[in-house]
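Student: Could you take me through one part of this protein closely, beginning with a single residue in a loop and working outwards to what surrounds that residue?

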Amino acid sequence: MNAKTLAPEANTAPATNPTRPHGLRRVLDRFGLPLVFILLCLVMAFASEYFMTWRNWMDILRQTSINGILAVGMTYVILTRGIDLSVGSILAFSGLCSALVATQGYGLLAAVSAGMFAGAALGMINGVMVANLSIPPFVATLGMLSVARGMTFILNDGSPVTDLPDSYLALGIGKIGPLGVPVVIFAMVALMFWMVLRYTTYGRYIYAVGGNEKSARTSGIGVRKVTCSVYVVSGLLAGLAGVVLSARTTSALPQAGMSYELDAIAAVVIGGTSLSGGTGSMVGTLFGALLIGVINNGLNLLGVSSYYQQVAKGLIIVFAVLIDVWRKKRR
């Protein structure tokens with residue numbers, strides 16, 4: 001009789017204790033990044049009187065837009081357990097292609113299409129190397145980083161493309177209401193690819209391939225097609241970013257996009273997308289890109305040297321990866 005009455009108490013006592021920390025962990029997992037973002041903004045507001053001004057925030061959003069567009073495509077790649085180190089070089093090559101078409105008088109649509117097509121084509125080559133030739137993503141995209149950069153210098157003999165038409169420049173320095181055109185383009189890209197990832201079968205396939213490739217193949221998912229497609233998406237968006245950047249700087253520079261892949265990867269990882277694939281969200285990437293933008297802007301306002309800014313970014317990436325490792329161990 002006593003044993004029967006004591007048994008339920010022994011079983012129920014341990015079950016009630018873990019609920020509280022588990023709930024706290026869920027809150028931190030879900031809202032940790034927005035809270036860090038808000039806290040960082042408050043710190044910067046006290047550190048600099050210019051930080052919370054409307055003009056400064058427009059600068060932050062404009063500066064974030066290029067990295068944000070790259071990070072959207074990088075999110076798709078990393079969700080499939082891949083990596084794309086070539087986006088900075090693809091950006092430069094695509095921007096140069098687009099600018100050359102624009103200066104020949106073929107019109108804005110042809111110029112933008114040329115840049116995005118060039119990016120998608122190089123992304124397709126990345127995808128074929130990874131999905132069909134089984135070359136590790138790190139090696140394949142590292143090779144493309146060098147090839148695309150070399151092609152950029154060859155294309156116009158290492159010279160920038162200038163004298164771009166006004167209709168083209170509007171993509172980088174124009175405004176729609178109070179917002180710059182690059183910010184609007186970034187918002188539209190993020191919204192569209194978020195919807196694809198969240199509400200379409202293709203989005204579920206991306207998560208499935210990154211979560212367990214073997215199970216995805218057993219379920220009838222075309223793993224190679226999905227894997228190849230995410231690199232095409234990354235290249236396409238790198239091409240778009242190249243068009244916007246060349247319009248914003250009023251010239252297409254062959255050395256543009258140096259180390260941009262690091263900022264894109266940092267935004268995705270800081271946003272909570274696991275380098276092991278299958279876990280992450282576009283909303284997290286958005287906050288990650290904004291966080292990097294705020295850090296860069298804040299350090300500039302405080303007069304911190306660009307050398308120290310590179311150190312800060314590196315430490316942020318390492319810290320984000322450590323958090324990812326901690327989450328996986330906890331599971």
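Tutor: Asp-84 sits in the loop that connects helix 3 and helix 4, and the model in which we see this loop is a predicted one. Although Asp-84 is buried, the residue has no salt bridge, and the nearest side chain of opposite charge, that of Arg-149, is 11 Å away. With a salt bridge requiring a nitrogen of Lys or Arg within 4 Å of a carboxyl oxygen, Arg-149 at 11 Å does not supply one to Asp-84. What the side chain of Asp-84 does have is a polar contact of 2.6 Å with the side chain of Ser-86, together with a polar contact of 2.9 Å with the side chain of Ser-234. Once neighbours within four places in sequence are left aside, the residues in contact with Asp-84 are Met-74, Val-77, Asn-126, Thr-141, Tyr-231, Ser-234 and Glu-261, so that Ser-234 appears both in this list and as a polar partner of Asp-84.

The loop that holds Asp-84 also holds Arg-81, placed between helix 3 (54-79) and helix 4 (87-103). The phi of Arg-81 is positive, near 70 degrees, in a residue other than glycine. A positive phi is also found at Asp-157, about 55 degrees and again not in a glycine; Asp-157 belongs to the loop between helix 6 (137-155) and helix 7 (166-173). Whereas Asp-84 is buried, Asp-157 is exposed, with a relative accessible area of 72%.

One of the contacts of Asp-84, Glu-261, leads into helix 12 (residues 260-270), which is mostly covered, nine of its eleven residues being buried. Glu-261 and Asp-263 are among those buried residues, as are Ala-264, Ile-265 and Val-268. After helix 12 comes Gly-272, with a positive phi near 100 degrees.

From here the view can widen to the nonpolar interior. In soluble globular proteins, nonpolar side chains tend to be buried together. The largest nonpolar core in this model has 84 residues, and those with the most contacts inside it are Val-72, Tyr-76, Tyr-168, Ile-185, Phe-193 and Leu-237. Helix 11, spanning residues 223-248, gives the most to this core, with 13 residues. Tyr-76, not counting residues up to four places away in sequence, touches Phe-193, Val-196, Leu-197, Tyr-202, Ile-206, Val-230, Val-233 and Met-282.

Helix 11 also contains Val-226, which counts as buried because its relative accessible area is 5%, where the cut-off is under 20%. Leaving aside neighbours within four places in sequence, Val-226 is in contact with Tyr-202, Tyr-205, Ile-206, Val-209 and Ile-221; Tyr-202 and Ile-206 are also touched by Tyr-76. The C-alpha atoms of Val-226 and Gly-127 are separated by 9.3 Å, while the two residues are 99 residues apart along the chain.

As a setting for these details, the protein has 14 helices and two strands, and buried residues make up 46% of its 331 residues. Of the contacts between residues at least 6 apart in sequence, 79% join residues at least 24 apart. The protein exposes about 16900 Å², of which carbon and sulfur atoms supply 67%.

How values were computed:
Residues numbered from 1 in each chain as written. Predicted model: local features only at pLDDT ≥ 70, side-chain atom pairs only at ≥ 80, totals over all residues. Heavy atoms only, no water. Helix = DSSP H or I, 4+ residues; strand = E, 2+ residues; numbered from the N terminus. Buried < 20%, exposed > 50% of the residue type's maximum accessible area, 1.4 Å probe, protein only. Core = buried A, V, L, I, M, F, W, Y, C linked by side-chain atoms within 4.5 Å. Contact = heavy atoms within 4.5 Å. Lys, Arg positive; Asp, Glu negative; His and termini not counted. Polar contact = N/O pair within 3.5 Å; in protein donor to acceptor, adjacent residues only side chain to side chain. Areas by Shrake-Rupley, 256 points an atom, 1.4 Å probe, with all protein chains shown as cover.
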